[in-house]
Amino acid sequence: MTTDVRAFIEANLQIRSAPGVPEIRLHAAHPKSRLSRIAGDVPPYWAYGWAGGTVLARYLLDNPDAAKGRCVLDLGTGSGIVAIAAALSGAASVHAIDIDPNAVVAAGVNAELNGVMVSALCADILEATAPDADLILIGDVFYDEAVALRVLPFALRCRDAGLQVLIGDPGRKSLPIDALRRIAAFPVPDFGDVAGNLLSDSGVYILK
Ligand SMILES: C[S@@+](CC[C@H](N)C(=O)[O-])C[C@H]1O[C@@H](n2cnc3c(N)ncnc32)[C@H](O)[C@@H]1O
């Protein structure tokens, strides 16, 4: 029997304002969600808040000109928080990409919840040429060394093709800090911070 992921999300996750970005509401995991029923062995990153996505969403909402009128691609969208922030800021179009099919469903459901249009796709585009977009958003996708090693060349290809690349990150070990210039910082909570404590070092970066 295939599980209807959308129905599962709506029935088993709680709608909450995103910590640090109260303008955006998301379906969020709670202790009784039992996400393993749909996630299996794939970590359900889409059901949680991540400092990198949170800080980038905060930046976009506070600086709407960054995305306004632009064609945006959110790489590793998870819950869709960054894509939703771009859409709320007036982006001309927003594509949200993730390799996890459940994330793609979650991002679509969350976009609807916030009344914005986001086109969510399940794909791995890291070996591809730069997409047809103006702005690439990367929220907390340097969380894993193997992923980070593939994300940086893709991001550099995008930059070399004339796209702007903005990255949100709390300073993960694999963040390629030497290739980046920090343009903003906000104290935001991170994954697992159930008490809502604030991090001091979550930044928004542009590829140099
Ligand atoms: C730490 S989560 C961050 C999610 C979201 N950007 C946020 O900040 O809330 C990283 C996300 O990157 C996705 N991801 C990993 N490798 C990817 C790839 N090659 N292409 C697209 N997404 C990828 C994961 O499935 C996961 O949803």
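What percentage of the 208 residues in the protein chain is buried? I looked that up before anything else, and buried residues come to 48%. Here a residue is buried if 20 or more other C-beta atoms lie within 10 Å of its own, exposed if 12 or fewer, and partly exposed in between, with C-beta atoms placed from the backbone.

**Ground rules.** I'm working with a predicted model, where local features need pLDDT of at least 70, side-chain atom pairs count only at pLDDT 80 or more, and totals for chains, interfaces and linings use all residues. Residue numbers start from 1 along each chain, as its sequence is written.

**Whole chain.** I found six helices and nine strands in the protein chain. These are DSSP runs numbered from the N terminus: helices are H or I with at least four residues, strands are E with at least two. I then checked the box that the C-alpha atoms fill, and along the principal axes it is roughly 45 × 35 × 35 Å. The radius of gyration is 16 Å, which agrees with a compact globule, because 208 residues would give one near 17 Å. That radius is taken over C-alpha atoms, and the globule rule is 2.2 Å times the number of residues to the power 0.38. Next I looked at contacts (C-beta atoms, placed from the backbone, within 7 Å). Of those between residues at least 6 apart in sequence, 66% join residues at least 24 apart.

**Ligand.** Which residues are closest to the ligand? I noted Trp50, Gly53, Gly76, Gly78 and Gly139, out of 24 that surround the ligand. A residue counts as near if its C-beta atom, placed from the backbone, lies within 6 Å. Elements giving two or more residues to this shell are α3 (51-62), α4 (81-88) and β4 (93-98). I sorted the shell residues into 13 nonpolar, seven polar and four charged. Nonpolar means Ala, Val, Leu, Ile, Met, Phe, Trp, Tyr, Cys and Pro; charged means Asp, Glu, Lys and Arg; the others, Gly among them, are polar.

**Strand β4.** I went back to β4 and saw that five of its six residues are buried. β4 pairs in the parallel sense with β3 (residues 71-75) over five bridges, and Val72 has Val94 as its bridge partner in β4. Strands pair if DSSP finds at least two bridges between them. From β3 the chain crosses through α4 to β4, a right-handed β-α-β crossover. Right-handed means that, with the strands pointing away from the viewer, the path from the first strand over the helix to the second runs clockwise.

β4 also pairs with β5 (residues 119-122), in the parallel sense over four bridges. There, His95 has Ser119 in β5 as its bridge partner. With helix α5 (residues 101-113) included, β4 and β5 make a right-handed β-α-β unit.

**Loops.** Is Arg34 buried or exposed? I'd put Arg34 down as exposed, because it has 11 C-beta neighbours inside 10 Å. Arg34 is in the loop between β2 (21-28) and α2 (36-39), and its phi is positive, about 50°, although it is not a glycine.

Asp140 isn't a glycine either, and its phi is positive, near 60°. Asp140 is in the loop between β6 (135-139) and α6 (145-160), and it is buried, with 27 other C-beta atoms within 10 Å.

Finally I checked Val42, in the loop between α2 and α3. Val42 is partly exposed, having 15 other C-beta atoms within 10 Å. Val42 and Asp100 are 58 residues apart in sequence, yet 7.8 Å apart in space, C-alpha to C-alpha.

Methods:
Contact = placed C-beta atoms within 7 Å.
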